[in-house]
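Open the model in your viewer and keep the selection tool at hand. The tour moves from helix pairs to single residues, with a look at the whole fold on the way.

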Amino acid sequence: IEESEKFRIEYWDLEEAKLARMPKPKPLATRIAVVTGAGSGIGKAIAHRLVAEGACVVVADRDAGAAEAVAAELGGADRAVAVTVDVTDEEQITAAFDAALLAFGGVDLVVNNAGISISKPLLETSAADWDVQHAIMARGSFLVSREAARVMIGQGLGGDIVYIASKNSVFAGPNNIAYSATKADQAHQVRLLAAELGEHGIRVNGINPDGVVRGSGIFAGGWGAQRAATYGIEEEKLGEFYAQRTILKREVLPEHVANAVFALVGGDLTHTTGLHIPVDAGVAAAFLR
Ligand code: NAD
């Protein structure tokens, strides 16, 4: 047997042994999740869906009252605990993961969802606007993912990290340079971490929603008014307006984003990592703004 052939056999034996040891994705009903920004909107819908599928959830939000309310809706301590965490604060992030370990014994699913939107044209965007937006969504999701990876690698059981990014991570949204830039940052975090964490059985994927008007605090908090002014329509017509500009003529609601999280972590997409799924009723596909 030639040297090269011997090497080939040894190499593949090793690779196969490695693959056999690689943790397989766990069923959703046995999962323990940390969902950031789960006190409102999309994060709240994701927490509801995960608990409905049998998972346990840490409802992590900087708004303590909102987090408590969602945890109570989810059935309380057996299935959900509320943790007050600002994702800009490393110690609070560690405390949130400690709370998950204490309450449920581990963490194998993390959803990076917490966010704000500073939507201003370039000339009105201050350095402070840029810094706050990036501290929460670019730096904050990096810190949460780093803690998630530390815990998941330590457990040796694999896991999933899901980013709630945005259509704006790929396409230019009007008048929101700071917000869109952080979403592009998150999209690259997905690819970078998918590449780095795959060998531990940790998958990293993203979801790109668009136009989730009803139920979103981001829209209620000023973005809606800004968008309505941009498009020259009344704010209460925004949901309908967004639906009509989609390919499917359907309004996207928080539960549709939660469905995509389920598809990624609760279904058969076991060999998918580094992907972004659009949940926008077709807006990005047709390059509609
Ligand atoms: P939302 O305002 O209803 O929810 C955001 C939650 O994040 C709130 O509960 C808020 O308290 C929390 N939060 C904000 N800053 C935080 C911080 N520093 N630490 C911890 N928690 C913090 O808004 P939403 O529309 O549900 O947005 C959720 C995510 O979805 C965001 O990342 C947003 O960018 C993304 N997104 C939303 C849309 C949409 O159309 N609504 C579209 C694309 C992407």
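**Stop 1: α5 and α6**

This is a predicted model. Select residues 127–155, helix α5, and residues 177–197, helix α6. The two helices pack at an angle of about 15°. Their axes lie 9 Å apart. An angle under 35 degrees counts as roughly parallel, so α5 is roughly parallel to α6. The crossing is right-handed.

Now show the side chains of the contact. On α5, pick D129, W130, Q133, H134, M137, A138, S141, F142, S145 and A149. On α6, pick A178, Y179, T182, D185, Q186, Q189, L193 and L197. Colour them by class: 9 are nonpolar, 7 polar and 2 charged.

**Stop 2: α4 against α5**

Keep α5 on screen and add residues 90–104, helix α4. What is the angle between α4 and α5? It is about 40°, and the axes are 10 Å apart. That angle makes α4 oblique to α5. The crossing of α4 and α5 is right-handed.

Select E90, I93, T94 and F97 on α4. They meet L143, V144, E147 and V151 on α5. By class, the contact of α4 with α5 divides into 5 nonpolar residues, 1 polar and 2 charged.

**Stop 3: α2 and α9**

Clear the selection. Take residues 41–52 for helix α2 and residues 254–265 for helix α9. These helices pack at about 50°, with axes 8 Å apart. So α2 is oblique to α9. As α2 passes α9, the crossing is right-handed.

From α2, display G41, I42, K44, A45, I46, H48 and R49. From α9, display P254, E255, V257, A258, V261 and F262. The contact of α2 with α9 has 8 nonpolar, 2 polar and 3 charged residues.

**Stop 4: the loop after α2**

Stay with α2 and step past its end. A55 sits in the loop between α2 and β2, the strand at 56–61. Is A55 buried or exposed? A55 counts as buried, with 25 C-beta neighbours inside 10 Å. Select what A55 touches, leaving out residues up to four places away in sequence: L28, A29, R31, I32, A33 and L50.

Next, draw a distance from A55 to G115, C-alpha to C-alpha. The two residues are 60 apart in sequence and 23 Å apart in space.

**Stop 5: the loop before α9**

Go to K249. K249 lies in the loop between α8, residues 238–244, and α9. Check its backbone: phi is near 55°, a positive value in a residue other than glycine. Most residues other than glycine have a negative phi. K249 has 10 C-beta neighbours inside 10 Å and counts as exposed.

**Stop 6: the segment after β7**

Jump to A281, in the segment after β7. A281 also has a phi near 55°, positive in a residue other than glycine. How many C-beta neighbours does A281 have inside 10 Å? There are 22, so A281 counts as buried.

Now select G282. This residue too lies in the segment after β7, whose range is 276–279. G282 is partly exposed, with 15 other C-beta atoms within 10 Å. Which residues is G282 in contact with, leaving aside neighbours within four places in sequence? They are T246, I247 and L248. Add A243 as well: G282 and A243 are 39 residues apart in sequence, but 10 Å apart in space, C-alpha to C-alpha.

**Stop 7: the whole protein**

Zoom out and switch to cartoon. The protein has 9 helices and 7 strands. Its radius of gyration is 20 Å, close to the 19 Å that the globule rule gives for 289 residues, so the protein is as compact as a globular protein of that length. Align the view to the principal axes: the C-alpha atoms fill a box of roughly 75 × 45 × 40 Å.

Colour by burial next. Of the 289 residues, 46% count as buried. Then turn on a contact map. Among contacts between residues at least 6 apart in sequence, 71% join residues at least 24 apart.

Conventions. Residues numbered from 1 in each chain as written. Predicted model: local features only at pLDDT ≥ 70, side-chain atom pairs only at ≥ 80, totals over all residues. Helix = DSSP H or I, 4+ residues; strand = E, 2+ residues; numbered from the N terminus. Rg over C-alpha atoms; globule rule 2.2 N^0.38 Å. Buried ≥ 20, exposed ≤ 12 C-beta atoms within 10 Å, placed from the backbone. Contact = placed C-beta atoms within 7 Å. Axes fitted to C-alpha atoms, helices over the stretch in contact; angles between N-to-C directions. Parallel < 35°, antiparallel > 145°, perpendicular 65-115°, else oblique. Left-handed = near helix turned anticlockwise from the far one by under 90°. Nonpolar A, V, L, I, M, F, W, Y, C, P; charged D, E, K, R; others polar.
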